[in-house]
Amino acid sequence: MAGRKETALDLAKFVDKGVQVKLTGGRQGTLKGYDQLLNLVLDEAVESEREQDDPLKLSGKTRQLGLIVCRGTAVMLVSPTDGTDEIANPFLADGA
């Protein structure tokens with residue numbers, strides 16, 4: 001079997017730290033684990049509720065979810081809650 005394909009996103013530095021995950025509903029929590037398909041395990045997860053008449057607006061209410069698993073295909077954005085880190089572009093060829 002050929003070597004495993006390396007993922008463009010290194011989440012190891014965010015394990016046991018707060019992250020915000022953008023899905024169909026905004027959720028955030030403490031990253032406890034992940035796999036190569038970007039399935040995430042979040043602890044102490046909180047979901048921001050949206051307005052009934054305008055799903056693009058947050059209502060200001062939150063819901064405590066506890067321990068959740070986020071399916072990788074639904075993950076659009078993973079961001080640390082304590083700020084952001086700039087990373088090198090993984091799609092540029094070396095020496096380009």
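**View 1. Strand 2 pairs with strand 3 in this predicted model.** Strand 2 spans residues 26-34, and strand 3 spans residues 40-50. The two run antiparallel. Six bridges join them. Arg27 has Glu47 of strand 3 as its bridge partner.

**View 2. Five strands make up an open sheet.** The strand order across the sheet is 4-3-2-1-5. Pairing is antiparallel. Strand 4 and strand 5 (77-80) stand at the edges. Each edge strand has a single partner, so one of its sides is left without a neighbour in the sheet. From one strand to the next, the twist averages 25 degrees.

**View 3. Gly60 lies in strand 4.** This strand covers residues 58-70. Gly60 counts as exposed because its relative accessibility is 68%, against a cut-off of over 50%. Arg50 sits 10 residues from Gly60 in sequence. In space, the C-alpha atoms of Gly60 and Arg50 are 7.7 Å apart.

**View 4. The whole protein has five strands and zero helices.** From the N terminus on, its elements run β-β-β-β-β. The protein has 96 residues, of which 22% count as buried. About 7,400 Å² is exposed, and carbon and sulfur atoms supply 51% of that area. Among contacts with a separation of 6 or more, 43% come from residues 24 or more positions apart.

Methods
Residues are numbered from 1 along each chain as its sequence is written. This is a predicted model: local features need pLDDT of at least 70, side-chain atom pairs count only at pLDDT 80 or more; totals for chains, interfaces and linings use all residues. Side-chain values use heavy atoms; hydrogens and water are left out. Helices (H or I, at least four residues) and strands (E, at least two) are DSSP runs, numbered from the N terminus. Buried means under 20% relative accessible area, exposed over 50%, partly exposed in between (1.4 Å probe, protein chains only). Contact means heavy atoms within 4.5 Å. Accessible areas come from the Shrake-Rupley method with a 1.4 Å probe; for residues, only the protein chains shown count as cover. Two strands pair if DSSP finds at least two bridges between them. Axes are lines fitted to C-alpha atoms, for helices over the stretch in contact, and angles run from 0 to 180 degrees between N-to-C directions.
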